[in-house]
Amino acid sequence: MNKVMDVDTLKKIRKFAEEKNHFVKRPTAKKHIDNAIKYGSVTNAAKTLTASGNPITRQSMDTSINITVRNAIAAGFEDKSLNVRATGVAKSKRWFVTSAQNNSLVHQGFVETIKVFCQHMNAEPIAIMTRYANPDKFHRGAESGVEWDHSIDGWYLDKDVSLGPKLMIAGDVKIGATSGNPLGGLDLIGRGKSMIVGHGQLQMRLVATPHGVDPKMLHSTGSCTLANYGRSQTAMKAREHHNLAGLYVEMRGEAFYIFQVEADKNGHFYFLNEHFTPDGVTNGHRPLAYVIGDEHRIHMTDKEKECLWGKDGPVETLNPECLVRHDVDDFYTRNHHHKDDLMLSMHKEKTGARLVEDELRDTASYLNWTSKGRTSYVVDSNHPNAFGKWLNRFQPKNDISNADFYMRYMGHKGLFGDSWADDDFTYFMTKFLPANERAADNVVFLTRNDQVLFAGVDITHHGDKGANGARGSANSFSKAYLKMTYGHSHSPSIFKGAWGVGTWAMKMTEQYAKGIGSWMVMDNIIYPDGARCMITHINGKWRA
Ligand SMILES: [Fe+2]
């Protein structure tokens, strides 16, 4: 791939280096580069000078030209005539955005599949140009230069482009190719606009905004070039997290929808119910699992339920084999977080949210009707766990409304339960309720020590608890050797192998999760090959 540096490129580097005053301190470098131009190429010049019988001269020439080239690249040199840029990007409404690293081969299978996808979707392919000065490369000889694989000429982008009033591609933001956190510190760049940057890792992070304003989204793309890094510890980590991936973006009015696309080792990929290869597209592929953002059922409005479960919603449309449910019950009626909040307690009393049994029974009914035709995995989560905490602390004479239920429940568990230590939410759903109201057999309640994998993705963890009793976080989950999709934070993110979903409980922000925030309605699909994609709901829609 590395192009033998020709005289024209050498002349451009010489001119660039002169403008940057590189030769002031390195007059010998100027002499060597002049020799290379005089003899037609770096290689020819080196051979000629070696033929003079002085290998030290060649080594010196190699080194000084390499330093010149390296400094020129570090100062921003590139030969803009070498690669063809994308045109008319802002005129389209659909894009497939990936990145490509300099002096690296593209993955031909992925590139051919992207072409099929773009033709099928009427989308524009974009490759943000990323740069990496592999330190190994400069010690291999004087053949160097900065260029990108010509097989995707016409896709390249190296400047900022607005895709709409709320979204931009930040093609001019240069992020270190080996950065482990490519979205770090970008919060203010682009002001209020969401932003896509080019980087070998597929990542996503939200920036908190005031209530009522959509959070600002930061995305990095993954890459269509093969992993091509050096041998340092930093480079090895970059290689490990290099994603053959891109983002499919579609726009409707001011609203945009971004879908992650992760390719397999052949470059083939799923998008919703379709599977793409260089040979074409096939339909009717069911996702293995659909991980729903924290539900907190009691807070979901009828409109939100229609968006998620209705005819045009993602569950009906995509027909996943399984559902994964986080914080499906809020335990709003008697949640310990509110026990000292008199005003909120009075609000609950006035609005009829005071009977624990009713809330749990409604959740059982909701689980049954939403799980028809597929298996629901109910993840052990902190909000359903609040029921057990409430039982531990309950004083009947202090809460007469719930005293009757408390005594009936405790009596039932004492008579029929296997162990007092069994999880109370699961016991209520599967044993306490009468047979015609219980959670059906296709609703599976997980414990925190279970492990359910979908094509290698672990869906068992809610996200509140991390390793060895510590609090969970994207950073700690990213260090688990398995890929994970988890919930809990309500602020969705993608960080290496750890993908966190959002929440459907946006109504909570009106009562007690107040102030600026980055909660968002976002779910996660797991495809049959273990690739994943976020489904984002904006203004009741998830597609443009
Ligand atoms: Fe939650």
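This passage describes a sheet, a buried histidine and the packing of a helix in a predicted model.

The sheet considered here is open and consists of 5 strands, arranged in the order 3-2-1-9-10 with mixed pairing. Its edges are formed by strand 3 (156-157) and strand 10 (255-262). Each of these two strands has a single partner strand, so one side of each is left without a neighbour in the sheet. Strand 10 runs antiparallel to strand 9 (residues 245-252), and 8 bridges join the two. Within this pairing, A245 has E262 of strand 10 as its bridge partner. A helix also accompanies the sheet: helix 6 (residues 108-121) lies across strand 1 (94-101), strand 2 (124-130) and strand 9. The direction of helix 6 is at about 160° to that of strand 1.

A further strand, strand 8 (residues 216-222), contains H219. This histidine has 26 other C-beta atoms within 10 Å, and H219 is therefore classed as buried, the cut-off being 20 or more. When residues up to four places away in sequence are left out, H219 touches I196, M204, L247 and I258. Of these contacts, L247 falls within the residue range of strand 9, and I258 falls within that of strand 10. By contrast, G230 is 11 residues from H219 along the chain, and the C-alpha atoms of the two are separated by 25 Å.

Attention now turns to helix 12, which comprises 12 residues (382-393). From its first C-alpha to its last, helix 12 reaches 16 Å, close to the 16 Å expected at 1.5 Å a residue. Its buried residues are H383, P384, A386, F387 and W390. These residues lie on the same side of helix 12, because they cover an arc of only 135° around the axis. The partners against which the buried residues of helix 12 pack are helix 11 (356-370) and helix 14 (424-432).

The arrangement of helix 12 and helix 14 can be described in more detail. Their axes come within 7 Å and cross at roughly 100°. Helix 12 is therefore roughly perpendicular to helix 14, as angles of 65 to 115 degrees are placed in that class. On the side of helix 12, the residues that meet helix 14 are P384, N385, F387, G388 and L391. Their counterparts in helix 14 are D424, F425 and F428. P384 and F387 thus appear both among the buried residues of helix 12 and among the residues that meet helix 14.

Methods:
Residues numbered from 1 in each chain as written. Predicted model: local features only at pLDDT ≥ 70, side-chain atom pairs only at ≥ 80, totals over all residues. Helix = DSSP H or I, 4+ residues; strand = E, 2+ residues; numbered from the N terminus. Buried ≥ 20, exposed ≤ 12 C-beta atoms within 10 Å, placed from the backbone. Contact = placed C-beta atoms within 7 Å. Expected span 1.5 Å × (residues − 1). Arc of directions from axis to C-beta. Pairing = 2+ DSSP bridges. Axes fitted to C-alpha atoms, helices over the stretch in contact; angles between N-to-C directions. Parallel < 35°, antiparallel > 145°, perpendicular 65-115°, else oblique.
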